[in-house]
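Please open the structure in a viewer and keep the selection panel at hand. The tour below proceeds from one selection to the next and states what is to be found at each stop.

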Amino acid sequence: MATTKKKISGKDLGIKIFLIATVVIIIAAIGFNMITSSGLLLHSFKPMTSENYSVNAAMMNYFYKTSYYGFVNQMGDYLSYFGLDASKSLKNQAYTEDMTWHDYFLDSTVSQVEEMLVLAEAARAEGMELSADEIAGIDETMASIASTAASYNYPSVSAFLAAQYGAGIKEKDVRAAMELSSLASKYSQKISDGIEVSEDEINTYFEENRETYTYVDLRQFSFAASEAETANATDEEKTQIMAALKEKADALAACKTIAEFEAHLTEYMKSNIPEGQEITDENIANNIESTKYTNYNSRETEQGKWAFEDGRKVGDTFVVEDKEQMACLVYMMERTEYRDETLTRDVRHILLQSANHTDAAGAKAKAEEILAEWEASAKTEEAFAELANKYSEDPGSNTNGGLYENVNAGDMVEEFDAWLFDDARKAGDVEIVETAQHGAHIMYYVGEGEPVWKLSVENALKNEKYTAAYEALAEKVTINVNETAAKLVG
């Protein structure tokens, strides 16, 4: 049989080439997605390395996402104020004019991993390793991840990790990241534990930085023109308005005591009730309360410069004219320069988390059992500490007898805080406190700690010494950053 050859036109040839190229692109895309989902690229590229440790792109992704999730959880409902939309790609959202949110979190992750590598190298140089208990802790965390994956019906732990931290991330990557982080934290704690600060150092540092640690208490009231008064006012009329406001301010500033200041304002408010409004004694009392400015620290404002001048006395007054806002502000000194002598408090607790005991009632029932066990013991702080190590489900204190030292008011959740800072609290008090956020706490009040100012200064000094120690270590370690590999992160 004779055969014939079909002539291919230029148009047909172009179509065939296009189709072939498309097929090649599709095959390449499928291959790339398979490689990405398998984790081959993430495990082959190492964005950061030191002499003895390396962090592959999968581990970097874990650190990156952990940093991001931590930020989102911390900011909560305030996230939008930072211009960040958690439902959109970080690479398409501007952090600054020259940086995206992805860039921000990547830079943060690089800094975090660099610190880990420096500390891990220092730990290795001293023969420090993770203990059996520390490894067991990581095992428990990995088991918890597996349990969570199962509870959400993921087909595998890898599928769960991929959903949380990105395609290709495996259990071994998360474990390796945890081990590196744990070793670095262990050495970091060794540095911190070795830092000592003397009383002389604290006092010297305070005097050298007293502007940071001293405050004044002021009263402040503003006499301001309404928008209706100033909307169409001429410059001359505005001058007259300011003069009238200044006259009112000077009358208040003539007061010599806080009692006179409050009495003058009370009469002023009663005599200047806006038409159609009703102001009760309670309203006036609240307005008087709102004039209090406690723990004022700024030295940059006019009133700040005045407040911290040498020789300032209680009852002194100062008037600030704000022509831009058409207002006159009156300040009265209520308490001259001071440091915060408020005493912190020390407490031990045993936490029974509601989630671990079916519900809040189950957690409280378990707490009552443990409290009964303590009541049957020697009822000492030492006995309580032993029970905390045995039963507490607070990972932040269940290895040190449940102890939290130098707690400031407001540091803990509301119910915990209210019990701890009750004015009637005395050393040795023991009680069960339920918190909506965590569960049942068996509390043991140890006593008062350091004054707030002293603790703040001591922490600042320790931070300076820690930074110096870390920088000395960093000078001995070379950290390599592969920018090409880093592009796989995120």
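**His-349 and its surroundings**

Select His-349 and His-441 and display their side chains: a polar contact of 3.0 Å joins them. Add Asp-394 to the selection, since the side chain of His-349 also makes a polar contact with the side chain of this residue, likewise listed at 3.0 Å. The model on display is a predicted one.

Next, show the backbone around this residue as a cartoon. His-349 belongs to strand S9, which covers residues 343-353. Is His-349 buried or exposed? Its relative accessible area is 3%, and the cut-off for a buried residue is under 20%, so His-349 is buried. To see what surrounds it, select the residues in contact with His-349 beyond four places in sequence: Phe-384, Ala-388, Ser-392, Asp-394, Ser-397, Gly-402, Tyr-404, Phe-416, His-441, Ile-442 and Met-443. The two polar partners, Asp-394 and His-441, appear in this list.

**Along strand S9 to Thr-344**

Remain on strand S9 and select Thr-344, which also lies there. Thr-344 has a relative accessibility of 0% and therefore counts as buried. Two polar contacts of its side chain may be displayed here. One joins the side chain of Thr-344 to that of Asn-406, at 3.1 Å. The other runs from the side chain of Thr-344 to the backbone oxygen of Glu-450, at 2.8 Å; for this one, the main-chain atoms of Glu-450 should be shown.

Now extend the selection to the contacts of Thr-344, leaving aside neighbours within four places in sequence. These are Asn-406, Val-407, Asn-408, Glu-448, Gly-449, Glu-450, Val-452 and Leu-455.

**The loop after S9 and the loop after H15**

Follow the chain to Thr-358, in the loop between S9 and helix H15, the latter comprising residues 360-375. With a relative accessible area of 77%, above the 50% that marks an exposed residue, Thr-358 is exposed. Inspect the backbone here as well: phi of Thr-358 is near 75°, a positive value in a residue other than glycine. Most residues other than glycine have a negative phi.

Proceed to Lys-379, in the loop between H15 and H16. Lys-379 has a positive phi too, near 55°, and is likewise a residue other than glycine. Its relative accessible area of 43% falls between the 20% and 50% limits, so Lys-379 is partly exposed.

**Helix H16 and Leu-387**

Select helix H16, residues 381-391, and within it Leu-387. What is the relative accessibility of Leu-387? The value is 8%, and Leu-387 therefore counts as buried. Beyond four places in sequence, Leu-387 touches Ile-350, Ile-370, Glu-373, Trp-374 and Ser-392. Ser-392 was also met among the contacts of His-349. For a longer view, draw a line from Leu-387 to Ala-136: the two are 251 residues apart in sequence and 21 Å apart in space, C-alpha to C-alpha.

**Strand S8 and the loop before it**

Turn to Gln-325, found in the loop between strand S7 (317-322) and strand S8 (327-339). At 53% relative accessibility, Gln-325 counts as exposed, because the cut-off is over 50%. A line from Gln-325 to Ser-226 shows a C-alpha separation of 10.0 Å for residues 99 positions apart along the chain.

Within strand S8, select Thr-336. This residue is partly exposed, at 28% relative accessibility. Not counting residues up to four places away in sequence, Thr-336 touches Tyr-215, Val-216, Arg-312, Lys-313 and Val-314. The C-alpha atoms of Thr-336 and Lys-476 are 49 Å from each other, with their positions 140 residues apart along the chain.

**The whole chain**

Finally, clear the selection and view the complete chain, which has 19 helices and 13 strands. The C-alpha trace spans about 120 × 80 × 50 Å along its principal axes. The radius of gyration is 32 Å, whereas a compact globule of 490 residues would have a value near 23 Å. Buried residues make up 37% of the 490. Of the contacts with a separation of 6 or more, 68% are between residues 24 or more positions apart.

Display the surface to close the tour. The accessible surface comes to about 28,800 Å², and 49% of it belongs to carbon and sulfur atoms. Colouring by charge brings up 43 positive and 84 negative charges, whose mean positions are 10 Å apart.

Definitions and conventions
Residues are numbered from 1 along each chain as its sequence is written. This is a predicted model: local features need pLDDT of at least 70, side-chain atom pairs count only at pLDDT 80 or more; totals for chains, interfaces and linings use all residues. Side-chain values use heavy atoms; hydrogens and water are left out. Helices (H or I, at least four residues) and strands (E, at least two) are DSSP runs, numbered from the N terminus. Buried means under 20% relative accessible area, exposed over 50%, partly exposed in between (1.4 Å probe, protein chains only). A polar contact is a pair of N or O atoms within 3.5 Å; within protein, one must be able to donate a hydrogen and the other to accept it, and residues adjacent in sequence count only if both atoms are side-chain atoms. Contact means heavy atoms within 4.5 Å. The radius of gyration is taken over C-alpha atoms; the globule rule is 2.2 Å times the number of residues to the power 0.38. Accessible areas come from the Shrake-Rupley method with a 1.4 Å probe; for residues, only the protein chains shown count as cover. Lys and Arg count as positive and Asp and Glu as negative; His and the chain ends are not counted. The place of a charge is taken as NZ of Lys, CZ of Arg, CG of Asp or CD of Glu.
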